[in-house]
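Here is a briefing on how the strands and helices of one model fit together. Please keep the structure open while reading.

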Amino acid sequence: MATKNLSEYNVDRVPDASNMIFGIVVAEWNPEITGALLDGCVSTLERHGALPENIHVKTVPGSFELIYGAHQMTLNDGYDAVIILGSVIRGETPHFDYICQGVTAGIARLNATSGIPVIYGLLTTENTQQALDRAGGRLGNKGDECAVVAIKMAKF
């Protein structure tokens with residue numbers, strides 16, 4: 001369980017993003033969650049200077065496809081960082097475990113092998129309320145956190 005608000009951070013420690021270009025891959029599955037993550041992410045990037053025309057958003061059907069989408073974006077020389085946004089909510093089958101493990105391993109592999117950072121913004125929750133709490137609800141917005149991490153890692 002998150003112990004802090006995902007939207008709280010020290011603004012003074014975030015570099016200027018006005019010369020940065022970001023790729024965002026967002027899953028269409030659980031759109032009420034992923035849409036809120038995307039809104040938070042984009043608004044935070046813009047708040048730190050990223051120009052709207054330098055924020056490129058692509059959608060994929062589900063969270064597992066985030067790996068392919070992110071990989072394709074890492075092949076484009078123009079991005080300073082790529083952010084993945086998705087939401088997997090536990091159901092009654094082991095599908096949750098397979099998807100979460102697969103996406104985590106795939107994004108970790110991309111981070112180790114690509115020339116740019118790939119930021120992990122996959123919510124893995126037990127229920128819809130936990131996801132809503134982390135997509136602009138009482139625990140802030142994971143999209144905000146991912147944007148800040150992307151800016152910092154692009155500057156790295």
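The points below cover the sheet, its enclosed strand, and the helices.

The model is predicted. Its four-stranded open sheet is parallel and runs in the order β2-β1-β3-β4. Helices α1 and α2 both touch β1, β2, β3 and β4. Helix α2 also packs with α3.

**Sheet layout**

- The edge strands are β2 (55–60) and β4 (118–125), and each of them pairs on one side only.
- Neighbouring strands are turned by 15 degrees against each other on average, with direction ignored.
- Strands of a sheet pair through backbone hydrogen bonds, in either a parallel or an antiparallel way.
- β1 pairs with β2 in the parallel sense over six bridges.
- G23 has H56 of β2 as its bridge partner.
- Strand β3 (residues 81–89) pairs with β4, also in the parallel sense, over eight bridges.
- G86 has L122 of β4 as its bridge partner.

**The enclosed strand, β1**

- Six of the six residues of β1 are buried, so the rest of the structure largely encloses this strand.
- In a regular strand, side chains alternate between the two faces of the sheet.
- Both faces of β1 are covered.
- F22, I24 and V26 are buried on one side.
- G23, V25 and A27 are buried on the other.

**Helices on the sheet**

- Helix α1 (residues 31–47) packs on the sheet, where it touches β1 (22–27), β2, β3 and β4.
- The direction of α1 makes about 155 degrees with that of β3.
- Helix α2 lies across β1, β2, β3 and β4.
- The angle of α2 to β1 is about 165 degrees.

**Helix α2 against helix α3**

- α2 (residues 66–74) and α3 (residues 95–113) pack at an angle of about 10 degrees, and their axes are 9 Å apart.
- Angles under 35 degrees count as roughly parallel, so α2 is roughly parallel to α3.
- The crossing of α2 past α3 is right-handed.
- On the α2 side, the contact residues are L66, I67, A70, H71 and T74.
- On the α3 side, they are G102, V103, G106, I107, R109 and L110.
- By class, this contact has six nonpolar, four polar and one charged residues.

Notes: Residues numbered from 1 in each chain as written. Predicted model: local features only at pLDDT ≥ 70, side-chain atom pairs only at ≥ 80, totals over all residues. Heavy atoms only, no water. Axes fitted to C-alpha atoms, helices over the stretch in contact; angles between N-to-C directions. Helix = DSSP H or I, 4+ residues; strand = E, 2+ residues; numbered from the N terminus. Parallel < 35°, antiparallel > 145°, perpendicular 65-115°, else oblique. Left-handed = near helix turned anticlockwise from the far one by under 90°. Contact = heavy atoms within 4.5 Å. Nonpolar A, V, L, I, M, F, W, Y, C, P; charged D, E, K, R; others polar. Pairing = 2+ DSSP bridges. Buried < 20%, exposed > 50% of the residue type's maximum accessible area, 1.4 Å probe, protein only.
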